[in-house]
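Good morning, colleagues. I should like to take you through one structure today, beginning with a single side chain and working outward from there.

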Amino acid sequence: MRKHMRLAAIALAASCLAGAPAQAQVAFFSSQAAFQATSTTTLQATFESIAFEGHISDPYTEGSVTFFDPKNLYNARPGGVAAVNDFDAPVTSNVLTVSGNEDITMTFAGSAPTAVGFTSLTNRFDAPVVTVFDVFNVLIGSFVLTQAPGTVGFVGITSTLGIGSVHWLGHRGEDKDTGIDNILVGVNTIPEPATSGLMLVGLALAGIAARRSAARR
């Protein structure tokens with residue numbers, strides 16, 4: 001009886017261990033191909049429906065994504081005033097930016113995504129910083145862009161837990177000279193390593209206990 005009780009207790013502990021909540025594992029990608037190899041996403045926002053250059057509603061919602069900034073949001077267009085006078089990166093489509101240091105926050109409607117990607121435009125100064133928060137507004141990841149100054153690049157984010165918001169901070173330019181575009185939202189298709197590892201540990205413990213019980217009979 002004691003052997004069976006011990007075996008049941010070990011199995012229960014293993015089950016609880018496997019089901020214990022894990023910390024978010026967040027990965028950042030500068031390669032869109034690498035990001036898309038680990039996620040399934042859909043294009044949610046391109047800003048192409050905004051037919052003018054200038055300040056837009058703040059917050060602004062397109063698709064499942066809502067954008068806001070403490071100051072204001074601004075739509076920059078190819079050949080427009082901001083694209084010609086402010087941006088160091090080439091502006092070839094509508095880009096979401098801000099008058100002054102850009103501090104853009106993205107939030108998401110519906111189920112919290114586990115994968116978010118977007119086109120990134122940098123200025124000639126400090127590299128923008130991207131921070132990621134979970135649905136409880138707890139910081140789960142931070143990334144300083146590694147792309148060259150004044151260029152167009154890509155930022156991809158995958159998480160093992162739901163993403164509540166993504167923040168883009170461009171500074172030192174004090175102008176409309178960093179921005180984001182082509183927002184992708186979806187799911188991380190790579191299984192969570194922590195959960196998989198805990199399940200394997202639990203199964204191993206249960207297996208060892210079973211073998212010991214059988215050997216003592």
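Let us begin with aspartate 88, which counts as partly exposed at 26% relative accessibility. Please keep in mind throughout that this is a predicted model. The side chain of aspartate 88 meets that of arginine 124 in a salt bridge, with 2.7 Å from N to O. This pair links distant parts of the chain, since aspartate 88 sits in the loop between α3 and β7 and arginine 124 in the loop between β9 and β10, 36 residues apart. Arginine 124, for its part, is exposed, with a relative accessible area of 56%.

How many salt bridges does a search of the whole structure find? The total is 3. As a general remark, side chains of opposite charge can pair when their charged atoms come close.

A further pair is aspartate 86 with lysine 176, whose closest N and O atoms are 3.5 Å apart. Aspartate 86 belongs to the loop between α3 (81-85) and β7 (95-97), and lysine 176 to the loop between β13 and β14, so this salt bridge ties together parts that are 90 residues apart in sequence. Are these two partners buried or exposed? Both aspartate 86 and lysine 176 are buried.

There is also a salt bridge between aspartate 69 and lysine 71, again with the closest N and O atoms 3.5 Å apart. Here aspartate 69 is buried, at a relative accessible area of 6%, whereas lysine 71 is partly exposed, at 42%.

Before leaving the loops, I would draw your attention to phenylalanine 125, which is placed in the loop between β9 and β10. Phenylalanine 125 is partly exposed, with a relative accessible area of 32%. Its C-alpha lies 9.8 Å from that of aspartate 177, and the two residues are 52 positions apart in sequence.

Let me now turn to the overall architecture. The protein has 4 helices and 14 strands. Of its 217 residues, 42% count as buried. Among contacts with a separation of 6 or more, 76% are between residues 24 or more positions apart. The accessible surface comes to about 10,800 Å², and carbon and sulfur atoms account for 60% of it.

Next, the strands, starting with β12. In this strand, residues 152-159, 6 of the 8 residues are buried, so β12 is largely enclosed by the rest of the structure. One partner of β12 is β1, residues 26-29, which pairs with it in the antiparallel sense over 4 bridges. Within that pairing, phenylalanine 29 stands opposite glycine 156. Another partner is β9, residues 115-121, also antiparallel to β12, over 7 bridges. There, phenylalanine 118 faces valine 155.

Strand β14 can be described along similar lines. Of its 10 residues, 8 are buried, so β14 too is largely enclosed by the rest of the structure. Strand β2, residues 39-45, pairs with β14 in the antiparallel sense over 6 bridges, and alanine 45 stands opposite isoleucine 183. Strand β9 likewise pairs with β14 in the antiparallel sense, over 6 bridges, with serine 120 opposite isoleucine 180. Thus β9 has pairings with both β12 and β14.

Which residues touch the most other members of the largest nonpolar core? In this core of 27 residues, they are Phe67, Met106, Phe118, Val166, Ile180 and Ile183. At least two core residues come from each of β5 (65-68), β8 (102-108), β9, β10 (129-134), β12, β13 (163-170) and β14 (179-188). Apart from this core lies another, of 9 residues, including Ala76, Ala82, Ala83 and Val91.

Phenylalanine 118 merits a closer look. With neighbours within four places in sequence set aside, its contacts include Met106, Val130, Val166, Trp168, Ile180 and Ile183. Also among its contacts are Gly153, Phe154, Val155 and Ile157, as well as Asp181 and Asn182.

Finally, the surface. Val135, Phe136 and Val138 form a nonpolar patch there, with about 330 Å² of accessible area together. Of these residues, valine 135 lies in the loop between β10 and β11 (139-144).

With that, I conclude, and I welcome your comments.

Methods
Residues are numbered from 1 along each chain as its sequence is written. This is a predicted model: local features need pLDDT of at least 70, side-chain atom pairs count only at pLDDT 80 or more; totals for chains, interfaces and linings use all residues. Side-chain values use heavy atoms; hydrogens and water are left out. Buried means under 20% relative accessible area, exposed over 50%, partly exposed in between (1.4 Å probe, protein chains only). Two strands pair if DSSP finds at least two bridges between them. A nonpolar core is a set of buried Ala, Val, Leu, Ile, Met, Phe, Trp, Tyr and Cys residues joined through side-chain atoms within 4.5 Å. Contact means heavy atoms within 4.5 Å. Patches are made of residues with over 30% relative accessible area and no salt bridge: like charges are joined within 9 Å, nonpolar side chains (Val, Leu, Ile, Met, Phe, Trp, Tyr) within 5 Å. Accessible areas come from the Shrake-Rupley method with a 1.4 Å probe; for residues, only the protein chains shown count as cover. A salt bridge is a side-chain nitrogen of Lys or Arg within 4 Å of a carboxyl oxygen of Asp or Glu.
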